[in-house]
Amino acid sequence: MLLEYEFSFGNRPIFPQDFPKHIKDRTSLLQIAQYNHRHHGIIDNDFLKWALKNGISYEAILWFVKVFSEQTDQELLWLIDAYFCPYTIYCDESSNAIKFRFKDETGKLNVDWRNDFVLAGIAYEGDTPPFDIDELFASFKLQKTVTDAKLGNITKYHGNDVNRFVDILKSKKVNLFLNTLWNSNTYIHWSTQSLLYFALVDIVDSVMDIPYMLNEIKNVLYKYVRFDLDYFLEFLAKYSYPNIKKENVEDFCEEFISWIESIEPLSQEDELCLEFLRQGAKSSKKSGDLLFLTENRDNLLIENFVPIYASRLGEFPSSTIHFDKCGIAEENIDRLANAFCDIKKPTYDFLDSTENRWIQICDFVSGMIAALLAFVNENDIGEINAALEMFDETQKNNFKLLTQLIRKSSTKNKYFDHMSCNYEQGERVRYLISKAEKL
């Protein structure tokens with residue numbers, strides 16, 4: 001569940017005359033009043049757990065926290081919205097390679113690491129669709145033979161080209177689609193897994209024994225691996241990473257230490273993180289232990305992406321969530337759902353996209369988000385600026401609409417935006433969004 005955010009506040013007693021007339025669920029209001037009394041007005045994380053277990057309505061809990069308790073903490077309000085608002089959420093994936101692995105000992109990968117996995121789509125409050133889906137599809141004027149519309153049916157681009165984002169934005173049909181979402185009570189959501197970043201983080205978790213700066217160190221490692229990618233991937237594959245044999249731990253650590261020592265840090269902060277990493281590797285070499293890099297499968301960097309599906313269930317336990325059919329996710333999600341949804345599970349299912357146009361438009365969303373991430377994975381700020389300067393009016397309009405939807409949705413609820421902890425990627429995405437406002 002999401003309750004890593006801690007809060008606490010105090011209240012006076014609640015009386016029936018305090019209850020707002022517009023909330024018809026009096027049972028929830030009475031239960032909240034009783035809870036408030038039993039706990040002497042002290043409200044903290046346990047209150048949300050109790051409310052989930054007891055089916056307290058969204059309207060009642062929002063009134064209690066925001067109006068009666070006068071709480072304006074946006075983090076808390078986002079948490080309540082995610083936990084209790086009954087959204088209808090549709091999801092489809094993009095760049096789903098099923099697994100991410102080395103192909104051989106030279107470090108070649110089975111997919112381009114820049115094409116991150118994305119699970120994304122649309123969401124709206126309640127169960128009443130915010131627009132006429134058939135009317136939208138009629139406006140696309142697709143050929144009658146298209147029974148399962150994909151992003152490629154409304155725009156032209158070249159497969160998994162890392163710069164395909166630029167071409168996707170050229171389409172007037174994309175403009176129709178984005179305008180429909182923007183002019184209705186529709187939100188977009190996205191969960192991503194940065195392939196290369198995620199493949200590297202176990203190195204840090206294995207050699208570091210300090211509980212702080214771990215994310216910073218992981219990002220510095222990712223940054224300098226990017227500068228020396230061919231060598232580093234071959235180095236990892238040589239040791240069957242992430243399954244380093246016990247007899248090879250010392251050699252692995254020694255070579256890793258030598259690589260760190262060859263780096264010329266670009267800042268004092270980077271130098272500090274690299275030194276922490278070097279000292280951690282020296283300790284691991286001495287102990288002969290790499291906790292998370294043994295007893296795994298040879299060369300298998302990411303086993304599957306099912307945890308991304310399951311995390312959506314944990315983030316929106318009061319919603320109805322529809323996934324696109326995906327064999328490996330369908331076979332494994334129930335087991336993971338029990339871990340992610342320890343208090344309450346949402347209603348969820350897997351739908352055939354050929355029979356559901358809402359799932360089909362999720363392919364449009366996931367495809368655009370995946371293209372955006374590939375674009376920022378490939379291009380630095382200077383290259384991004386150069387590309388933006390070449391945009392025509394259609395590209396500018398579509399770019400603005402997409403970034404406005406991203407901002408609208410993440411403002412509504414921060415948990416619609418679930419990206420990897422890849423600082424460089426996040427910085428470039430935020431930069432793109434800021435540039436869109438000035439086009």
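Which residue of E6 is the bridge partner of glycine 121? In this predicted model, the partner is histidine 189, and the pairing belongs to a set of seven bridges that join strand E5 to strand E6 (residues 187-193) in an antiparallel arrangement. E5 itself spans residues 117-125. Strand E3 (residues 87-94) also pairs with E5, again in the antiparallel sense, over eight bridges. Here serine 94 stands opposite valine 118 of E5. E5 is mostly covered, with eight of its nine residues buried.

Histidine 189 appears again in the surroundings of arginine 312, a residue of helix H13 (residues 306-315). Is arginine 312 buried or exposed? Its relative accessibility is 1%, so arginine 312 counts as buried, the cut-off for that class being under 20%. Leaving aside residues up to four places away in sequence, arginine 312 touches Leu119, His189, Trp190, Ser191, Ile321, Tyr415, Phe416 and His418.

Attention now turns to the open spaces of the model. Rolling a probe the size of a water molecule over the atoms shows where empty space is left. The largest pocket holds about 850 Å³ of space. Its lining is made up of 29 residues, and the closest to the pocket centre are Gln193, Phe198, Val201, Ile302 and Pro307. Several elements each supply at least two residues of this lining, namely E6, helix H8 (195-207), helix H9 (214-227), strand E7 (300-302), H13 and strand E10 (417-418). Among these, H8 gives the largest share, with six residues. By class, the lining of the largest pocket divides into 14 nonpolar, nine polar and six charged residues. E6, which joins E5 through seven bridges, thus reappears here as one of the contributors to the lining, as does H13, the helix that holds arginine 312.

The second largest pocket has a volume of about 420 Å³. Which residues lie nearest the centre of this pocket? They are Asn219, Lys223, Tyr423, Glu424 and Glu427, out of 18 lining residues. H9, helix H12 (268-287) and helix H18 (423-436) each supply at least two residues of the lining, and H9 gives the most, with seven. The lining of the second largest pocket has nine charged, eight nonpolar and one polar residue. H9 is also among the elements that supply at least two residues to the lining of the largest pocket.

How values were computed
Residues numbered from 1 in each chain as written. Predicted model: local features only at pLDDT ≥ 70, side-chain atom pairs only at ≥ 80, totals over all residues. Heavy atoms only, no water. Buried < 20%, exposed > 50% of the residue type's maximum accessible area, 1.4 Å probe, protein only. Helix = DSSP H or I, 4+ residues; strand = E, 2+ residues; numbered from the N terminus. Pairing = 2+ DSSP bridges. Contact = heavy atoms within 4.5 Å. 1 Å grid on protein atoms, 1.4 Å probe; cavity = no way out; pocket = protein on both sides within 12 Å on 5 of 7 lines; lining within 4 Å. Points joined across faces, edges and corners; volume = space filled by probe spheres on them. Nonpolar A, V, L, I, M, F, W, Y, C, P; charged D, E, K, R; others polar.
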